[in-house]
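Subject: Structure handover

Hello,

Here is the structure we talked about. Please open it next to this message and go through the notes below.

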Amino acid sequence: MAVKEFEKPELKEYSDVPLLEKKATAHLAPFKSKEEFQSSLGYPGELVDNWQDAALDKMGDLLKKYRSLRVYLDSCIQCGACTDKCHYYLGTKDPSNMPVGRQNLLRSVYRRYFTLPGKYFPKLVGAVDLTKEVLDDWYSYYHQCSQCRRCAVFCPMGIDTAEISMAAREIMDSVGVGQKYCNEIIGKVHKIGNNLGLPEPALADTLEGLEEDVKDETDIDVKYPLDQKDSDILLVTPSADFFAEPHVDGLIGYGKVFHQAGLSWTLSSHASEAANFGMFIGSYANMRKLAMRIREAALDLNVKRIVFGECGHAWRVAYSFLNTLAGPFDFLDPKYPVPQHICEVTYDLIQKNVLQFDKSANDDMVVTYHDSCNVARASNMGDVIGGQFTIPRDIIKATTNHFYDMDESTIKEKTFCCGGGGGLLTDDLMELRMKGALPRMEALKRVVDDYGVTHMAAICAICKSQFSKALGYYGFEIDQIISLHQLVGNALIMNKKEL
Amino acid sequence: MSLVTIIYGSLFYFATLILFAGIAYRIYEYATIPAPLKIPTPPAPKTKRGVAVRLFREVVFFESLFHSAKWTWLFGWLFHFALLLAFFRHLRYATDPVWFWVSWEIVQAAGHYAAYMMLLGLIGLLVRRIFVDRVRHISAPSDYLILILIIGIALSGLMMKWYPTDIFALKQFIIGLIYFSWSELPSDFMLLLHLGLVLLLMIIFPYSKLLHAPGLFFSPTRNQTDTARDSRHIADWARKLES
Amino acid sequence: MPIEVNGKSLEVDEEGYLSNLNDWEKDVAEIMAKEDGIDLGDDHWEIINFLREYYEEYQIAPAVRVLTKAVGKKLGKDKGNSKYLYELFPYGPGKQACKFAGLPKPTGCV
């Protein structure tokens, strides 16, 4: 089980931009997906014989379906503004982890086969043939991108490497080269309903256990209902919330909020997963199939609203794509946006004075907040520009006495990815994950040193799991990462009214 | 009619056709490829008007670049702004009678000094490309050559201050091309060099990274409104999956 | 890359998890633990046995909280926390203990 040894990056007082080291992480590539996982997603089980033609056909197909891909492959001026913006470059020094370096792996093939100068003067414009070595580089480096879009914010043309890395993964899947972690998980959701493969009886048992725990702690009967028809709210949350620490403390917090506000809500065993890894592999069809489970559950349970729990890319898919993929949601209550984030619900209840807090319950913590990349750069909350930054912070400030932000260049739209997003939260990429966490860990260290910060709150299951590892690796305590709704749950003043 | 005139006259038509037809075709392509998902980056505007403001700030001030790389922004912006000023100055060769504002002293003077500004910007970009290891790593030969080409255009244009040509004849040549009534092009070396490099730039435009000019307007991260929850955004090919 | 247990060659996946749940026997856990540098004592076996029982009933490994609670009930409150479990299984109770118990690796954002 031991992870192969690798050089540990040093946490510096001020982050600097490293000199590049070519092919520093070329050896990193996640396990490939086996035939059983590939075929359940509609992909070939192994590299097909005519893979070059098939890959180029697929690229041509995607170039006609995604304006982003076409415009972004054409428009890069190779100015280098993005080169020091990716956490994986900063952590690994590998130039193929510079956003433009990563894009160029696909762009050079695009130029060779789809542009005039690339066809006739390949050397001049840096165009290359699609060889097995190129395919291997694609597999390595498009699985070293967490699709966090930090580069897209800084690019003068708005080029989003995530769009290119998603397309590359879709091309690779279509010729039979898939990633085990993502594709096994997507298969589990298609079959069982969540990333874990947690069946309904186990989920019911887990939730029952939670009810007991909360009862022991508060002496109040907070319910964690499953498949309750005609509830007002369907809560869709990452299955990690049922399974892992500190995720489950967030789930406990959501339940307390609903209870205290007197809202009727339910979880669904059919849509027991908020995450949608279909996005990570750039597959519209798989993403849609996963999203449809949520629509089906909402119809089946006859709910009026859909609320999402703390999960970063899930909120991206929910906020930005759900209406596209599985809409229209005209059968839900038009008074509420579809879907809503749990933070929006909690924030509204705070504004309406429905929730009261005893902030001193969190006095053992000095808190900072990690903006999860997909929430920060691919979604919104509260329908005001920047709501995705202010609403979580306002909730933290309402529930704690001690809050400090990290350095301005590492938060909000400039936030650093945790290092485990985009389908990379797998043990076989541990070296990449730990190196990619470096910029965030450095920023955290500064507020720990300067303000005595003890805990970092997040609203993403991947961030929470990734930081549980990275914090330990960089000499912090693994329980310094917490769920935002853990703070809410701790400080919420509960009374014994019954539903 | 001299051979030089025939060659340059024909090349002007050819290059103009490639430039305008090429860019028009690219714009047609970009406009007709669907953007199936909402992917604006923050701060994403809620309205089309907000998108217009955002694009204006990107195009005029290079706002994102300003936040990401100050030197590149400075050199890049100087170059592009100088290019615009130089373009205004050159309109006097292509308008007859000369548009009133083009003949203003300030426009002409600014256009002249813009050449120095342009060179400063371009050389700054070139130096950065050569000496910053990350930028050097991503540079293909064409990245250097395009910079050198534009430096060549700026330099040869500026040199005409010292190697003057018959600008009345030049103007007649240009106007003659526009109205299909050709007249002789002065065959001074510096002029021919300057014009030749411009023609080359026009020809490579639609086949190179110079496509960033139309591309920016079609960049979904910058030109989309943040309205995914309010109204359903769906591409035709995606709708077909629903039946 | 199969592992050898009592003369039998058992199929495991890339990360060393048993491919076939039914191949498991006590020596499998012993051999896997030895590879990871762990000597299995009674404390470890309490956890491994619980995992296997839970899996038998629910076809999935228990959530961390379910596990800690069960351990706390059985072995006393001071042991009902993930710190105790991490002491036994440094790589994480969910993953390392599952491997020794012959269960598939928990997947997802965990």
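In chain A, strand 1 (residues 233-236) and strand 3 run parallel and are joined by four bridges. L234(A) has I306(A) in strand 3 as its bridge partner. L235(A) stands opposite V307(A) in strand 3. Bear in mind that this is a predicted model.

Strand 3 of chain A also pairs with strand 4 (residues 340-341) of chain A. Those two run parallel as well, with two bridges. Here F308(A) has H341(A) in strand 4 as its bridge partner. The result is an open sheet of four strands in chain A, in the order 2-1-3-4, with parallel pairing. Strand 2 (265-266) and strand 4 of chain A are the edges, each pairing on one side only.

Which way do the side chains of strand 3 (residues 305-308) of chain A point? R305(A) and V307(A) point one way, and I306(A) and F308(A) point the other way. All four are buried.

H341(A) deserves a look. It is found in strand 4 of chain A. Is H341(A) buried or exposed? Its relative accessibility is 0%, so H341(A) counts as buried. Beyond its neighbours within four places in sequence, H341(A) is in contact with V307(A), F308(A), G309(A), E310(A), W315(A), M381(A) and I459(A). A polar atom of the H341(A) side chain also lies 2.9 Å from the backbone nitrogen of C343(A).

Now the interfaces. Two pairs of chains touch, and chains A and B have the most contacts. Chains B and C do not touch. Their nearest C-alpha atoms are 23 Å apart.

Between chain A and chain B, 73 residues of chain A are in contact with 61 residues of chain B. The size of an interface is often given as the accessible area lost when the parts come together. For chains A and B the buried area is about 5,400 Å². Carbon and sulfur atoms give 58% of that area.

There are 36 residue pairs in polar contact between chain A and chain B, both residues at pLDDT 80 or more. On the side of chain A that touches chain B, helix 16 (residues 312-326) of chain A gives the most, with eight residues. That side of chain A divides into 38 nonpolar, 17 polar and 18 charged residues.

Next, salt bridges. The whole structure has 50 over all chains. Five of them cross the interface of chain A and chain B. One joins R70(A) to E29(B), with the closest N and O atoms 2.9 Å apart.

R70(A) has a second partner within its own chain. It forms a salt bridge with D74(A), and the closest N and O atoms are 3.0 Å apart. Both residues lie in helix 3 (residues 67-75) of chain A. They are four residues apart, about one turn of the helix. Why do both count as buried? The cut-off is under 20% relative accessible area. D74(A) has 8%, so it is buried. R70(A) is at 10%, so it counts as buried too.

Chain C meets chain A through E14(C) and K180(A), a salt bridge with the closest N and O atoms 3.1 Å apart. This pair runs from the loop between strand 2 (8-10) and helix 1 (26-35) of chain C to helix 11 (residues 180-191) of chain A. The two ends differ in exposure. E14(C) is partly exposed at 25% relative accessibility, whereas K180(A) is buried at 8%.

Chain B has a salt bridge of its own between E242(B) and R232(B), with the closest N and O atoms 2.4 Å apart. E242(B) lies in the segment after helix 12 (236-240) of chain B, and R232(B) in the loop between helix 11 (220-223) and helix 12, so the pair ties together parts ten residues apart in sequence. E242(B) is partly exposed at 30% relative accessibility. R232(B) is partly exposed at 25%.

Back to chains A and C for a network. Salt bridges with shared partners join K34(A), K180(A), D427(A), R433(A), D13(C), E14(C), E15(C), K95(C) and K105(C).

One last residue: T390(A), in helix 19 (residues 387-399) of chain A. T390(A) is partly exposed, at 39% relative accessible area. Its C-alpha atom is 38 Å from that of P201(A), which is 189 residues away along the chain.

Best wishes

Technical notes: Residues numbered from 1 in each chain as written. Chains lettered and ligands numbered in written order. Predicted model: local features only at pLDDT ≥ 70, side-chain atom pairs only at ≥ 80, totals over all residues. Heavy atoms only, no water. Contact = heavy atoms within 4.5 Å. Buried area = accessible area lost by both parts, 1.4 Å probe. Salt bridge = Lys/Arg side-chain N within 4 Å of Asp/Glu carboxyl O. Polar contact = N/O pair within 3.5 Å; in protein donor to acceptor, adjacent residues only side chain to side chain. Nonpolar A, V, L, I, M, F, W, Y, C, P; charged D, E, K, R; others polar. Buried < 20%, exposed > 50% of the residue type's maximum accessible area, 1.4 Å probe, protein only. Pairing = 2+ DSSP bridges.
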